[in-house]
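Visitor: I've got this structure open and I'd like a close look at a single part of it. Could you pick one strand and walk me through what surrounds it?

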Amino acid sequence: MRKLILSLALVLTASLSVAAQDIIILRNSERIDARIVEVTSTEIAYTLADDGSGQVFRLSVAEIASIMYGNGDVQTFEDIPVTETYNADSDRWKERLTPKYKQRIVGLSIGYSAKRLVSPSYKGPWIGDDEDGAIKTNPSLKAGLYWAPEFKYGIGLQGGVYYEWSTYVSPSDALYSVEISEHTVSFPLRVQYRYEILKDLSVFAYTGPSFDVSVEYKTTVSAGDMKETLYEYGEDSDLRRFNLLWGVGIGVRYNCVQLMMGGDWGLINISKSTPAKLNKPFFVTLSYVF
């Protein structure tokens, strides 16, 4: 008996929840499960029934055939000519391009980043070694905070702050060993466009500058009992601590998971004495966005 009462209560709760929703029927027979916020003589404002973000959407009444309210009332709009209130066929593409579901503008990211130094006399890893023509380098860890607010039609900004850790250790059979490590903070600020393919599935592309600050570049040389540690970016260093890059990339997002890849290319000389650009030709990050 107790199980029967519980089952009836659950069915009644679900029925009331469904009944509380409104249904918008468009003139093209499309159905939208919604909650009506406001109805005027020219448009209606509504939120999606299955979207907890509370984002408000608007439709011209000329696009609507009827509204079936949760309390059972029905409001029709069939007698409103399309030409009186809605002549914006040229604006329909904007509605299709505008993402309808949750934007998820903040995320936590982790991934891989490669760095390459390019100059007239050298082209190879920023931190690493070049033996017998074979470039050997260790991957750089990339982690940080992703931020991408959107404004209209899927267009917005992409920014954040990222920490990058690059390391290199010379082969153990060498007469001496070299250990190099660099710690960098990166601040990208780009323009992004996101297109929603399906609910909770979208693709995006971006381009724009990135500002990098090298916090520490340390080289430790060991040979027998001798060990010496050198730090770059001192008064006598030939390297600049700051780097300005321009990047492009693409990404895909499904629900809360986002995969992004791209590259950044240096715009200024990283060396004070010779032309040399520090590029990041490839990176990939996996993010949890919310």
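Guide: Let's take strand E16 and follow it from partner to partner, then step out to the rest of the chain.

Before we start, keep in mind that this is a predicted model. The mean pLDDT of the protein is 83, and 82% of its residues reach 70 or more. Some stretches do score lower: over residues 2-6 the pLDDT is below 50, and beyond near neighbours in sequence that stretch has zero contacts in the model. Residues 8-19 are also below 50, and there the model shows two contacts beyond near neighbours in sequence.

Now for E16 itself, which covers residues 201-223. Start with strand E15, residues 177-198. E15 and E16 pair in the antiparallel sense, and 19 bridges link them. If you want a spot to zoom in on, find Tyr 195, which stands opposite Val 203 in E16. The two strands form a hairpin with two residues between them. Asp 200 sits in that turn, and its phi is positive, about 70°.

Next, go to the other end of the numbering in E16 and look at what comes after. Strand E17, residues 226-231, runs antiparallel to E16, and six bridges join the two. Here you can find Thr 219 opposite Leu 230 in E17. E16 and E17 form a hairpin too, with two residues between them. In this turn the residue to look at is Gly 224, with a positive phi of about 65°.

There's another partner to meet, strand E18, residues 242-254. E16 pairs with E18 in the antiparallel sense over 13 bridges. To see the match, look for Ala 205, which stands opposite Ile 250 in E18.

While you're following these strands, here's a handy rule: in a regular strand the side chains alternate between the two faces of the sheet.

E16 also takes part in something you might miss at a glance: an enclosed space. The structure holds four cavities of 30 Å³ or more, and the largest has a volume of about 90 Å³. This largest cavity is lined by 14 residues, and Glu 182, Thr 184, Asp 212, Asn 243 and Leu 278 lie nearest its centre. The elements that give two or more residues to its lining are E15, E16 and strand E20 (277-289). E16 gives the most, with three residues. What sort of residues make up that lining? They divide into five nonpolar, three polar and six charged.

For some context, let's glance at other strands. Strand E7 (residues 106-113) and strand E12 (residues 140-147) pair in the antiparallel sense over eight bridges, and Leu 108 has Leu 145 in E12 as its bridge partner. E12 is also joined by seven bridges to strand E14 (residues 155-169), again running antiparallel. There, the bridge partner of Ala 143 is Tyr 163 in E14.

Finally, there's an open sheet of six strands, in the order E4-E3-E2-E1-E5-E6, with antiparallel pairing. Its edge strands are E4 (57-60) and E6 (74-76), each pairing on one side only. Neighbouring strands in this sheet are turned by 40° against each other on average, direction ignored. At the E4 end, four bridges join E4 to strand E3 (residues 43-48), and Ala 45 stands opposite Arg 58 in E4.

Note on methods
Residues are numbered from 1 along each chain as its sequence is written. This is a predicted model: local features need pLDDT of at least 70, side-chain atom pairs count only at pLDDT 80 or more; totals for chains, interfaces and linings use all residues. Side-chain values use heavy atoms; hydrogens and water are left out. Two strands pair if DSSP finds at least two bridges between them. Axes are lines fitted to C-alpha atoms, for helices over the stretch in contact, and angles run from 0 to 180 degrees between N-to-C directions. On a 1 Å grid over the protein atoms alone, a cavity is a set of points where a 1.4 Å probe fits but cannot get out, and a pocket is an open set with protein on both sides within 12 Å along at least five of seven lines; lining residues have an atom within 4 Å of a point. Grid points are joined across faces, edges and corners, and a volume is the space filled by probe spheres set on the points. Ala, Val, Leu, Ile, Met, Phe, Trp, Tyr, Cys and Pro count as nonpolar, Asp, Glu, Lys and Arg as charged, and the others, Gly among them, as polar. pLDDT is the predictor's confidence in each residue, from 0 to 100. Contact means heavy atoms within 4.5 Å.
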